[in-house]
Amino acid sequence: MAERIPVVIVAGFLGAGKTTLLNDLLHNHRGTRIGVVVNDFGAVNIDAMLVAGQVDAMVSVGSGCVCCAVDVTELDDLFTRLTDPRAGIDVIVVEASGLAEPRNLVRMVVGSENPRIRYGGLLEVVDAAEFSATRERHPELASHLRLADLVVLNKVDRLAPGELDRLRAEIATITEGAPVYATTRGRIDPGLLFDPRDPAAPRPGEQLSLDELLFDHDHHHDGDGHRHLHDEYTSTVFSSGTPVHPRRLVEFLEDPPPGLFRAKGFATFAVPGADRFVVHLVGRAITFEPVRGGRAPRTELVLIGTGLDTRAVLDRLGETVHAGPEPLTEQDLLGVWRYVPEEVTASSTVTEGM
């Protein structure tokens, strides 16, 4: 099937570093074509957009991004434009205004009837040095953190020794398990959020883009050569030639290991005659899609996160393998079907070819 385009929402209060993070993604896209949606255009200073001109129409900027400024009510129409195959977009990033309610944006993406997009996660960007002051000014920060799929703890270089661990622990008590990515200057590895394009396969006719011309290629180092402080992301692969138990896999996804942000791949269930399923996990959002003609012996999942205990992850997934003699039935798939999008259920299954 044609892979749905992930929509990543970047939220956070004014001064947290959302625009800095977005700028870094635009300049470190690794060949990925990013569709950027900004719904508070007046507060944004993206240099590539400034060169292109502050216009509301879709503007192509080199090979790396397409930038748009819209009112949030236009979001669904814009998704239709950005997912047109002719646009060639690989990922869509929505930057919320500093005072936007992220829950509304998440609902718009998850509830969208556009079959070409999928929810790519909510990033809540937080100023580490101003965390206490921000909570005092904006008590709703706690609810935003609980909604987040990934907390980006920015400006950690301004913390006193030992403060980072204390702050991680405080956030953990609020979020009850959402992974935390600590960084400076909004740096985040794109591989944690989406799948960068193969650099060995450039787009036809690609030339040096505006964002490459505008940007210092050594942007991941300070003038003295020191690399910016940021967490690393970890990925691991689970593969099993024996079908898995659907209820056990759903339980794993509903209660993911600490630090797990994304999971993707295929699952083959130990239910006679059952389809193979495409699996996506982003934060707490789970999606299964049946694959037509996709009955294959292997279950293969890629798991991505920050601070992952990969051994523990693989051990837990090993427990989902159904090696017992007891037969499974369609009833055991009910938990899986609960996470199949309605439009997919209505149109039966999709064709393999992810």
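**Entry 1: terms and ground rules**

I call a residue buried when its relative accessible area is under 20%, exposed when the value is over 50%, and partly exposed in between, using a 1.4 Å probe and protein chains only. I tried this on Pro-85, which counts as exposed because its relative accessibility is 60%. Pro-85 is found in the loop between helix 3 (75-82) and strand 5 (91-95); helices (H or I, at least four residues) and strands (E, at least two) are DSSP runs numbered from the N terminus. From Pro-85 to Arg-116 I found 9.6 Å, C-alpha to C-alpha, with their places 31 residues apart in sequence.

I am working with a predicted model, in which local features need pLDDT of at least 70 and side-chain atom pairs count only at pLDDT 80 or more, while totals for chains, interfaces and linings use all residues. Residues are numbered from 1 along each chain as its sequence is written, and side-chain values use heavy atoms, with hydrogens and water left out.

**Entry 2: the whole chain**

I looked up the chain next, and it has 13 helices and 14 strands. Of its 354 residues, 53% are buried. About 16000 Å² of the chain is exposed, and carbon and sulfur atoms supply 51% of that; the areas come from the Shrake-Rupley method with a 1.4 Å probe, and for residues only the protein chains shown count as cover. I then turned to contacts, meaning heavy atoms within 4.5 Å. Among contacts between residues at least 6 apart in sequence, 79% join residues at least 24 apart.

**Entry 3: the nonpolar cores**

In soluble globular proteins, nonpolar side chains tend to be buried together. I therefore looked for nonpolar cores, each a set of buried Ala, Val, Leu, Ile, Met, Phe, Trp, Tyr and Cys residues joined through side-chain atoms within 4.5 Å. The largest has 29 residues, and Leu-249, Leu-253, Phe-269, Phe-288, Leu-303 and Leu-317 have the most contacts inside it. Two or more of its residues come from each of helix 10 (246-254), strand 10 (260-267), strand 11 (276-282), strand 12 (285-292), strand 13 (299-306) and helix 11 (310-318). Helix 10 gives the largest share, four residues. Another core lies apart from this one; it has 24 residues, among them Leu-25, Val-38, Val-125 and Val-152.

What is Leu-303 in contact with, leaving aside its neighbours within four places in sequence? I found a list that includes Thr-234, Phe-238, Phe-252, Leu-260, Val-313 and Leu-317.

**Entry 4: Leu-333**

Is Leu-333 buried or exposed? I noted it as buried, because its relative accessibility is 2%. Leu-333 is found in the loop between helix 11 and helix 12 (334-337). Beyond its neighbours within four places in sequence, Leu-333 is in contact with Pro-246, Phe-269, Val-271 and Ala-274. Leu-333 and Val-250 are 83 residues apart in sequence, yet 9.5 Å apart in space, C-alpha to C-alpha.

**Entry 5: a pocket**

Rolling a probe the size of a water molecule over the atoms shows where empty space is left. I looked at the second largest pocket, which has a volume of about 500 Å³. Its lining has 24 residues, and Val-110, Tyr-119, Ile-286, Thr-287 and Pro-341 are the closest to its centre. For my own reference, a pocket is an open set of points on a 1 Å grid over the protein atoms alone where a 1.4 Å probe fits, with protein on both sides within 12 Å along at least five of seven lines, and lining residues have an atom within 4 Å of a point. Strand 12 gives the most to the lining, four residues. By class, I noted eleven nonpolar, five polar and eight charged lining residues.

**Entry 6: two positive phi values**

Most residues other than glycine have a negative phi. Lys-155 has a positive phi of about 60 degrees, and Lys-155 is found in the loop between strand 7 (150-154) and helix 7 (163-175). With a relative accessible area of 17%, Lys-155 is buried. For Arg-185, phi is also positive, near 55 degrees. Arg-185 is found in the loop between strand 8 (180-182) and helix 8 (190-193), and it is partly exposed at 44%.

**Entry 7: Arg-168**

I ended with Arg-168, found in helix 7 and partly exposed at 24% relative accessibility. Arg-168 touches Val-180, Ala-182 and Asp-231, not counting residues up to four places away in sequence.

Terms used
Grid points are joined across faces, edges and corners, and a volume is the space filled by probe spheres set on the points. Ala, Val, Leu, Ile, Met, Phe, Trp, Tyr, Cys and Pro count as nonpolar, Asp, Glu, Lys and Arg as charged, and the others, Gly among them, as polar.
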